[in-house]
Amino acid sequence: MRKSYFRKLACMAMLLTILLAYQNYTSRGKESFPDVKFIMASSGVNRSDFDPNTLDETQWQKLGFSEKQVSTILKYKEIVGGQFISKQQLKKCYAISEEKFAELKPYIILPEDDRKEKSLSRTFEKKTITIPGKFNPDRFSANDWIKMGFSERQAAALLKYKNYLGGSFISKEKFKECFIISPENYIRLEPYLQLPEKVSGTIAASHAKSSNIRYRPFDPNTLNADGWKALGFSEKQATTIINYRDRNLRGSFKNPEDLQKCFVISPEKFEELKPYITITIKEEIRRQETDFSKTDLNTISFKQLLEFGLDERSAGSIIGFRRKLGGFINKQQILDIYNIDKDLVQKLISTCLLDTSGVQKYTLTDAPEEWLKNHPYFKYSADKIIFYRITYPDDKKIWKFLKLKPEYEEKMRLYIK
């Protein structure tokens, strides 16, 4: 019994000895690994303050972004309106990691968040003016000014100022006088402006002196473009004055004060012209060509409407709507037209006749499909009328099925037999 026990113990001791020897043999030659330390690679970029709205692709790459990341950032910039307005907005771009944003944040020239933008609007605006290169401001539209960094209101004000000067900024000196252009922005813009440095004297005086104008009595209602140019106005200014007379004043200045209201004529210029202005109103002679008391509103022409005193827009609206209707049934229809001078049109319909005998009328069952679909009063119900009259060729039933508002049905019945 004891022999068996000692034999087992001896076997276990031998087995343990063999295992220890094997372990020492297999672990020989293996070296322990040193502790690993992760070191952030330095981008080698010298940091300095920057405005992300002015960076191009190369500059973004110099900040440590890949080509794809740069493309994403620029697309994000377009999505948010063409410019970043705060650091928080820039941070939301998924191409910029939190670690990268934290690294760049101290150098970004932007408000912290949108709420601070208003208080820093002036500073921010100065930094967002981008100049594409040399340019002629006379050729810039509102969109061009907005792309440069001006607001919509500022762009509109710049165009109004240009129109006030007669359609041209004339010189760098005059451009600088626009209140929208701050001194700082003018310093940036001045080298790129394709304008002469300055003009001598005031605009009106310079025209008069340089052209050696000798004023003579003139009637502003008879002057053509050459006549206005002879008085010292540019071609654009002359065109503006003529359009103002023919469109806004319906063909004639009634008094010198009407001339003064034209925005291209400065107060100084008006004072020079005033002693020579002689106005002859030929309105009564002109209107004698047509006897409007005998004129039918359903046949009156575009030219006759202009003769009565309506502008081109009002006359065109009346003729166009009459054509679509196939003729007026009552005079109220004319007063309901958009884009017309209501007072003058009221005078027109009070003076003229209205003959409705030539206006085509139909029943709902026999009205042509084309007529139904093109008539202003029927076109929105045309498909329903065509559908119902196939099954129910009876006007009373069709009116019942249409279920129209009373005011719509009343207008439609004007053209029903």
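Is lysine 403 buried or exposed, and at what relative accessibility? Lysine 403 counts as exposed because its relative accessibility is 72%, where exposed means over 50% relative accessible area, buried under 20% and partly exposed in between (1.4 Å probe, protein chains only).

A few ground rules help before going on. This is a predicted model, in which local features need pLDDT of at least 70 and side-chain atom pairs count only at pLDDT 80 or more, while totals for chains, interfaces and linings use all residues. Residues are numbered from 1 along each chain as its sequence is written, and side-chain values use heavy atoms, with hydrogens and water left out.

**Confidence**

The average pLDDT (the predictor's confidence in each residue, from 0 to 100) is 80 for the protein, and 83% of the residues score at least 70. Residues 30–45 have a pLDDT below 50, and this stretch has two contacts in the model beyond near neighbours in sequence; contact means heavy atoms within 4.5 Å. Residues 283–288 also fall below 50, with nine such contacts.

**Loop residues**

Helices here are DSSP runs (H or I, at least four residues), and strands are runs of E of at least two, numbered from the N terminus. Four loop residues are set side by side below.

| Residue | Loop | Relative accessibility |
|---|---|---|
| Aspartate 51 | helix 1 (2–26) to helix 2 (57–62) | 8%, buried |
| Lysine 134 | helix 6 (121–128) to helix 7 (142–148) | 64%, exposed |
| Asparagine 339 | helix 19 to helix 20 | 43%, partly exposed |
| Lysine 403 | helix 23 to helix 24 (406–413) | 72%, exposed |

Most residues other than glycine have a negative phi. Asparagine 339, however, has a positive phi near 60 degrees, and lysine 403 has one of about 50 degrees.

A polar atom in the side chain of aspartate 51 lies 3.0 Å from the backbone nitrogen of asparagine 53. Lysine 134 reaches across the sequence: its C-alpha is 6.6 Å from that of glutamine 194, although the two are 60 residues apart in sequence. Leaving out residues up to four places away in sequence, lysine 134 touches Pro191, Tyr192 and Gln194.

**Aromatic rings**

Rings of Phe, Tyr and Trp (its six-membered ring) pair if their centres lie within 6.5 Å; planes under 30 degrees apart count as stacked, over 60 as edge-to-face and the rest as tilted. The count by this rule is 18 aromatic pairs. Tryptophan 145 and phenylalanine 150 form an edge-to-face pair because their planes meet at 85 degrees, with ring centres 5.7 Å apart. Both tryptophan 145 and phenylalanine 150 are buried, and ring pairs join them with Phe135, Phe140, Phe169 and Phe175 in a cluster.

Charges also sit over rings, which requires NZ of Lys or CZ of Arg within 6 Å of the ring centre and within 35 degrees of the ring normal. Lysine 269 has its charged end over the ring of phenylalanine 233, 5.2 Å from the centre, and arginine 413 lies over the face of tryptophan 399 at 4.1 Å from the ring centre.

**Nonpolar cores**

A nonpolar core is a set of buried Ala, Val, Leu, Ile, Met, Phe, Trp, Tyr and Cys residues joined through side-chain atoms within 4.5 Å. The largest has 39 residues, and Ile318, Ile334, Val345, Leu372, Phe378 and Tyr415 have the most contacts inside it. Among the elements giving two or more residues to this core are helix 18 (312–325), helix 20 (342–351) and helix 22 (382–391). Beyond four places in sequence, valine 345 contacts Leu310, Ile318, Ile334, Leu335 and Ile340. A second, separate core has 20 residues, including Phe233, Ala238, Ile241 and Leu273.

Key:
Polar contact = N/O pair within 3.5 Å; in protein donor to acceptor, adjacent residues only side chain to side chain.
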